[in-house]
Amino acid sequence: FIQAVFSSIFYFASVPIYTGWLMVGYTTIYTMLPVFSLILDEDVTEDLVLQFPELYSELQKGRALSIKVFLVWVWMAVY
């Protein structure tokens with residue numbers, strides 16, 4: 001969207017608003033962030049679970065991981 005506005009302001013010249021290396025760096029960092037979030041993720045300690053049992057109440061009732069929820073996530077991934 002920003003590129004279209006930029007082009008329309010400058011009479012639709014074929015001048016990119018971002019240089020190639022900036023776009024490569026952006027996409028590299030943007031795709032690395034989910035991997036780092038998985039690596040740096042920490043589990044909840046057993047003491048904390050016993051202190052706050054409502055953290056797992058949805059899992060114990062079976063609502064968080066049903067077939068319907070799974071198929072919705074598959075549909076969202078494909079679509």
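## Exercises on a five-helix chain

The chain exposes about 7800 Å², and carbon and sulfur atoms supply 71% of that area. Areas come from the Shrake-Rupley method with a 1.4 Å probe, and for residues only the protein chains shown count as cover. The model is predicted: local features need pLDDT of at least 70, side-chain atom pairs count only at pLDDT 80 or more, and totals for chains, interfaces and linings use all residues. Residues are numbered from 1 along each chain as its sequence is written, and side-chain values use heavy atoms, with hydrogens and water left out.

### Exercise 1. Overall form

Find the pattern of elements, then decide whether the chain is spread out or compact.

*Step 1.* Count the elements. The chain has 5 helices and 0 strands. Helices are DSSP runs of H or I with at least four residues, strands are E runs of at least two, and numbering starts at the N terminus.

*Step 2.* Read along the sequence. The pattern is α-α-α-α-α.

*Step 3.* Compare radii. The radius of gyration is 22 Å, well over the 12 Å from the globule rule for 79 residues, so the chain is more spread out than a compact globule. The radius is taken over C-alpha atoms, and the rule is 2.2 Å times the number of residues to the power 0.38.

*Step 4.* Add the spans. Along its principal axes the C-alpha trace covers about 60 × 30 × 20 Å.

*Step 5.* Check burial. Buried residues make up 1% of the 79 residues. Buried means under 20% relative accessible area, exposed over 50%, and partly exposed in between (1.4 Å probe, protein chains only).

### Exercise 2. Two helix lengths

Compare the end-to-end reach of α2 and of α5 with the expected span.

*Step 1.* Take the rule: 1.5 Å times one less than the number of residues.

*Step 2.* Apply it to α2 (residues 20-39). This helix has 20 residues and reaches 29 Å from first C-alpha to last, close to the expected 28 Å.

*Step 3.* Look for a bend. α2 bends by about 30° at Leu33, and Pro34 follows within four residues. The bend is the angle between axes fitted to the seven residues ending at a residue and the seven starting there.

*Step 4.* Turn to α5 (residues 67-78). Its 12 residues should span 16 Å, and the end C-alpha atoms are 16 Å apart, so the two values agree. The count of buried residues in α5 is 0.

### Exercise 3. Aromatic pairs

Which rings pair in this structure, and how are they arranged?

*Step 1.* State the test. Rings of Phe, Tyr and Trp (its six-membered ring) pair if their centres lie within 6.5 Å; planes under 30 degrees apart are stacked, over 60 edge-to-face, and the rest tilted.

*Step 2.* Count. There are 2 aromatic pairs.

*Step 3.* Examine Tyr26 and Tyr30. Their centres are 5.6 Å apart with 15° between the planes, and the pair is stacked. Both lie in α2, 4 residues apart, about one turn of the helix.

*Step 4.* Examine Trp75 and Tyr79. Their centres are 5.7 Å apart and their planes at 5°, so this pair is stacked.

*Step 5.* Check exposure. Trp75 is exposed at 57% relative accessibility, and Tyr79 is exposed at 78%.

### Exercise 4. Confidence

Which elements have the lowest and the highest mean pLDDT?

*Step 1.* Define the score: pLDDT is the predictor's confidence in each residue, from 0 to 100.

*Step 2.* Start with the chain. Its average is 81, and 97% of the residues score at least 70.

*Step 3.* Go by element. Helix α4 (residues 57-61) has the lowest mean, 75, and α5 has the highest, 90.
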